[in-house]
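Trainee: I would like a close look at one part of this model, taken step by step. Please also tell me how that part fits in with its surroundings.

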Number of protein chains: 2
Amino acid sequence: MSTLHNQDFAAIDAVVAKSAAAAAFWAESSAALRATLLRGLATALEQQQAELVAIADRESGLGEGRLNGEVARTAFQLRGFASEVEAGVPFRQIDDQAITGAPPAGRPRLTRIQRPLGPVAMFSASNFPFAFSVLGGDTASALAAGCPVVIKPHSGHPELSRAVFSLVAGVLRAQGLPEGLLTLAEAPNRAAGTYLVQHPSIAAVAFTGSYQGGKALWQAANDRTRPIPFFGELGSINPLVALPRALEKDSENLAKTLAVSITLGCGQFCTSPGVIVLLDSPHSHRFVAQLGEAIAPIATHRMLTQGMQQGFESAAAAVAANATAVFAPQADGAGPAPRLFATDAASFIANSDLREEMFGPAALIVTAQSAAQVAEVLDAVGGTLTTTLWGLESDSEENRLLVRSAQQISGRVLFSGVPTGVAVCHAQQHGGPWPASTAPQSTSVGYAAIERFLRPVALQDAPAWVLG
Amino acid sequence: MSTLHNQDFAAIDAVVAKSAAAAAFWAESSAALRATLLRGLATALEQQQAELVAIADRESGLGEGRLNGEVARTAFQLRGFASEVEAGVPFRQIDDQAITGAPPAGRPRLTRIQRPLGPVAMFSASNFPFAFSVLGGDTASALAAGCPVVIKPHSGHPELSRAVFSLVAGVLRAQGLPEGLLTLAEAPNRAAGTYLVQHPSIAAVAFTGSYQGGKALWQAANDRTRPIPFFGELGSINPLVALPRALEKDSENLAKTLAVSITLGCGQFCTSPGVIVLLDSPHSHRFVAQLGEAIAPIATHRMLTQGMQQGFESAAAAVAANATAVFAPQADGAGPAPRLFATDAASFIANSDLREEMFGPAALIVTAQSAAQVAEVLDAVGGTLTTTLWGLESDSEENRLLVRSAQQISGRVLFSGVPTGVAVCHAQQHGGPWPASTAPQSTSVGYAAIERFLRPVALQDAPAWVLG
């Protein structure tokens, strides 16, 4: 590593040292102190909302409406985690009293507690400049768990990241808290990101981003002398199954709703529905036509970065080479025109190129001949954040098969509506089998996200002063 | 892989296919059905206890007393997981009702459920022919979670594994359950183990064993196209800190207790205390002498395998080259004579060779000059199943530092007694930072072990028939 050491690495060392120095203090901090910080950050964010949204819009092109909504969500979840900490749920103890006598029934007293892991390296996402960035869900949940956070800002919105971080520093100062609780590590290239992930004082990593970048950092975490937990969300194609009975009536409105979901934010959502699975039927054929009509004219805003636009064009071209275009791209917005492709189930299952994510305003229609073949299509998807199932109102063998297949590959299964839009609540699960998550049993949205940064410890025969 | 394909791999394919065929049935099975199987297995084990223990003793040399105790523990935890499933705790749902209005407060109805991962490949341990083998804790917790188990028997006790498995097959037949629920995959070499871990139908792996073997299989799981959760316990040196105040009186008895713990089962326990950390004081010097007197004459039984005995001699020689022998090996048992080495804290911290596990009847005494240096010793250990702290009855800054350091590196922290002996209960945590566990937030002993094999799924707007 020494040959690579340069100014960037020295800066990361300095930042991580501050984080490590704050770790013991924050691990022992009271629920009240943590909640006060989380609420203070929410309030500060809202107070500077107008300026911050203007910067974010300039850098991301996402539009003020969407960005204001995102600030609201970011503040909502900071306050939500404050309430979680106060309720104490994530820190619940399990106390097993001693039982006299020989094992296996006899035992000493054991108390199971939850301990924060230590400094978390958090890699911001490009597509949520607020909600998955400096003060996003990863930061909120790690702070709530008692872990300092080293923030790696996303190169797509550097000015916003610095502005939000400056707000953070002000809140820490005002509350008399160590500056190491939240630090900014500018890691401008892959080597610097790897260096951060492999830093001996980093105890866990949270990442939201591309498959390629995320997999490389996950590998770096596993290559450490002592590998650490890596919570990465790497990609998802979010199949949506629409059975003919769901399309019998109102299919035109369903098509419009789906067209909006596919193109929302120029398709730059990890939950964007990328694969529409239909049964071969007249209702389905009509629905394809309606979806094409609804989506073709939608003008999108520019994509987050030039690189992402190139990535989208290249992914769409790869699918185009193996599928049929439902229409010729026509919309004339600042961003790419929406695309809709079609193929049959057997081709989708046989050709993994058709299962690659197109991160942008596009979807692939897959037509199957039976419910059993729909299940095979879902099996081929293998890992995804969401699966949507329309038309499963009644109990039947076929529907049970589809629910089972959907649950097997997804963190969230929807029975109505569209997968974009992820509620922040206790029941939420935003994760799923690889590549949706590198840690499929964890969630990055919702209050269970805090569990990623806690580790159980059993205290045996602990004196009263330790149990507190 | 095709060039490696041979008879072993074909046999594994056949076994995993049976397991996969049983997965959906078992995932949907009732708590009553699972509990009946788990209890049936416990009863069958006890009914054949005498014959099985005789085989186990012949193969392992562990002695009938210990092996009968292990059968009792194995049956106890099979029944314990049956009760867990009936209580429903691992399958608790979280239901968030819909809230009308715009996000972030407005939301659809979301119900968080727990789903079994699917077929689990379970690699048996050498040192617990019952409790971490065919019907051990990994099998019991995976079955309880709703996962079929493909058992890789340990080469150290093949006849016992087949005998227990034949009992299992009888119980499955008697209860009319699919034979795929529990299958035996003879994977006689590294390539076959890798093939099993990388089989597309395997959804998770449980492993207890050596660092080298476990790390290779963990790597194989990560090298899959779709990596899967790997729950591996790879090694632990279990520091025990004895402060002078703990040694003021009764130190002779403490030395005897510790000597027994170090040599128990010929030191072949993952929780065997391998590093004894003392402060430089007259009490400590007396304790070292007492420990030496207590441990030197203990005659051990033979080790589990010839390879393990060679591994122990080589590990002890590596420590001997860097530390002082407290006495010359003298006991004359069927197994290796106990060893006790001594070094100072600075050497222990500087030299990672001194932190390698000696899997056998040996320990290294590390003398520190201050509580702060004891904490540095613990930091250098980094990851361990247990840390024991003697003499921390009162609250002080120094004691808080030691507790914090112990919690940072351990899954279990003891304040009295010795770490060998792991109670099966709700509060237990048998895991810890790498290499104690490849998944430090999980446990392989106690009822939380079931969580390893479940994955949360959020159901959005699910119809009544899905929620059941």
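Mentor: Let us start with how copies are compared: they are superposed by least squares on the C-alpha atoms of residues with pLDDT of at least 70 in both. This is a predicted model, in which local features need pLDDT of at least 70 and side-chain atom pairs pLDDT 80 or more, while totals for chains, interfaces and linings use all residues. Residues are numbered from 1 along each chain as its sequence is written, chains are lettered from A and ligands numbered from 1 in the order written, and side-chain values use heavy atoms, without hydrogens and water.

With that in hand, a turn of 180° and a shift of 0.0 Å along the axis lay chain A on chain B with an RMSD of 0.0 Å. The two copies are thus related as by a two-fold rotation axis. In chain A, A:Asn222 has the C-alpha nearest the axis, 4.5 Å from it. Both copies use the same surface, since 100% of the contact residues of chain A recur in chain B (contact means heavy atoms within 4.5 Å).

Now for our chosen part, strand S14 (410-414) of chain A. Strands (E, at least two residues) and helices (H or I, at least four) are DSSP runs, numbered from the N terminus. S14(A) is mostly covered, with five of its five residues buried; buried means under 20% relative accessible area, exposed over 50% and partly exposed in between, using a 1.4 Å probe and protein chains only.

Who are its neighbours? Two strands count as paired if DSSP finds at least two bridges between them. S14(A) pairs in the parallel sense with strand S13 (residues 384-390) of chain A over four bridges, and A:Thr386 has A:Arg412 as its bridge partner in S14(A). Together with helix H14 (residues 397-409) of chain A, S13(A) and S14(A) make a right-handed β-α-β unit. Right-handed here means that, with the strands pointing away from the viewer, the path from the first strand over the helix to the second runs clockwise. S14(A) also runs parallel to S15(B), joined to that strand by three bridges. There, A:Leu414 stands opposite B:Gln460.

Follow S15 of chain B onward and you come to B:Asp461, in the loop between S15 and helix H15 (464-467) of chain B. Phi of B:Asp461 is near 55°, a positive value in a residue other than glycine. Most residues other than glycine have a negative phi, and most peptide bonds are trans. B:Asp461 is partly exposed, with a relative accessible area of 29%. The loop between strand S14 (410-414) and strand S15 (454-460) of chain B holds B:Pro435, and the peptide bond from B:Trp434 to B:Pro435 is cis, with omega near 5°.

Back in chain A, the loop that follows our strand takes part in aromatic pairs. Rings of Phe, Tyr and Trp (its six-membered ring) pair if their centres lie within 6.5 Å; planes under 30 degrees apart count as stacked, over 60 as edge-to-face and the rest as tilted. By this rule there are 22 aromatic pairs over all chains. In one of them, the rings of A:Phe81 and A:Tyr447 have centres 5.1 Å apart and planes at 80°, so this pair is edge-to-face. A:Phe81 lies in helix H4 (residues 64-87) of chain A and A:Tyr447 in the loop between S14 and S15 of chain A, so the pair ties together parts that are 366 residues apart in sequence. A:Phe81 is buried, at a relative accessible area of 2%, and A:Tyr447 is buried too, at 9%. Another edge-to-face pair joins A:Phe231 and A:Phe453, with ring centres 5.8 Å apart and planes at 75°. A:Phe231 belongs to strand S7 (residues 230-233) of chain A and A:Phe453 to the loop between S14 and S15 of chain A, so parts that are 222 residues apart in sequence are tied together. A:Phe231 is buried, with a relative accessible area of 8%, and A:Phe453 is buried as well, with 0%.
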